[in-house]
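Student: I would like a close look at a single part of this model. Take one helix and follow its contacts outward, please.

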Amino acid sequence: MPNITSAKKRVRSNARKAEVNTLVRSSMRTAVKNVEKTVTAGTKEEASNKLNIALQRIDKACNSGLVHKNKAARLKSRLTKAVNSME
């Protein structure tokens, strides 16, 4: 445990940021999995609704620096392709 006041504050702020980052990353992953499940089992309309949510979550994770921009683009491309190929 740090003794200096600014170091103590840094520990607290890092903990808060880590919690937010975990929430953003996990919500992104959950949204991606929901789209994949819907593509295999659901209707195209339902899949496109879930796709919009997933794209927003991916963009948020990318803008906050949690996901590299190329990974975000790759995920968005794959999900969009899967939804568009549905019947």
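**Helix α1 and its links**

Tutor: The side chain of Ser13 reaches the backbone oxygen of Arg10, at 3.1 Å. That is our way in. The model is a predicted one, and every value here is computed from it.

Ser13 is found in helix α1. This helix covers residues 5–41. Is Ser13 buried or exposed? Its relative accessibility is 13%. The cut-off for buried is under 20%, so Ser13 counts as buried.

Now take Arg10, the partner in that contact. Arg10 also belongs to a positive surface patch. The other members are Lys8, Lys9, Arg12, Arg16 and Lys17. Look at Arg16 in that group. Arg16 sits in helix α1. Its relative accessible area is 52%. Exposed means over 50%, so Arg16 is classed as exposed. Ser13, by contrast, is buried.

Next, move along the helix to Thr38. Thr38 lies in helix α1 too. Which backbone atom does its side chain approach? A polar atom of the Thr38 side chain lies 2.7 Å from the backbone oxygen of Asn34. The relative accessible area of Thr38 is 6%, so this residue is buried. Ser13 and Thr38 thus give two cases of a buried residue whose side chain meets a backbone oxygen.

Val35 is another residue of helix α1. Its relative accessibility is 0%, and Val35 therefore counts as buried. Where does the chain come back to Val35? Leu51 is 16 residues away along the chain. Yet the C-alpha atoms of Val35 and Leu51 are separated by 5.9 Å.

Helix α2 comprises residues 44–63. Gln56 has its place there. Gln56 and Ala31 are 25 residues apart in sequence. In space they are 9.4 Å apart, C-alpha to C-alpha. Gln56 has a relative accessible area of 56%, so Gln56 is exposed.

Lys44 is in helix α2 as well. Set Lys44 against Arg16 from the patch. These two are 28 residues apart along the chain. Their C-alpha atoms are separated by 38 Å. Lys44 has 35% relative accessibility, so Lys44 counts as partly exposed.

From helix α2, the path goes on to a charged pair. Side chains of opposite charge can pair when their charged atoms come close. How many salt bridges does the structure hold? It holds 1. Lys76 forms a salt bridge with Asp59. The closest N and O atoms are 2.8 Å apart. Lys76 lies in helix α3 (residues 69–84) and Asp59 in helix α2, so the pair ties together parts that are 17 residues apart in sequence. How covered are the two partners? Lys76 is at 27% relative accessibility and Asp59 at 32%. Partly exposed runs between the 20% and 50% limits, so Lys76 falls in that class, and so does Asp59.

One more residue of helix α3 deserves a look: Ala73. Ala73 and Cys62 are 11 residues apart in sequence. Their C-alpha atoms are 9.3 Å apart in space. Ala73 has a relative accessible area of 44%, so Ala73 is partly exposed.

To recap the route: it began with Ser13 and the backbone oxygen of Arg10. It passed Val35 and Leu51. It then took in the salt bridge of Lys76 with Asp59.

Terms used. Residues are numbered from 1 along each chain as its sequence is written. This is a predicted model: local features need pLDDT of at least 70, side-chain atom pairs count only at pLDDT 80 or more; totals for chains, interfaces and linings use all residues. Side-chain values use heavy atoms; hydrogens and water are left out. Patches are made of residues with over 30% relative accessible area and no salt bridge: like charges are joined within 9 Å, nonpolar side chains (Val, Leu, Ile, Met, Phe, Trp, Tyr) within 5 Å. Accessible areas come from the Shrake-Rupley method with a 1.4 Å probe; for residues, only the protein chains shown count as cover. A salt bridge is a side-chain nitrogen of Lys or Arg within 4 Å of a carboxyl oxygen of Asp or Glu. Lys and Arg count as positive and Asp and Glu as negative; His and the chain ends are not counted. The place of a charge is taken as NZ of Lys, CZ of Arg, CG of Asp or CD of Glu. Helices (H or I, at least four residues) and strands (E, at least two) are DSSP runs, numbered from the N terminus. Buried means under 20% relative accessible area, exposed over 50%, partly exposed in between (1.4 Å probe, protein chains only). A polar contact is a pair of N or O atoms within 3.5 Å; within protein, one must be able to donate a hydrogen and the other to accept it, and residues adjacent in sequence count only if both atoms are side-chain atoms.
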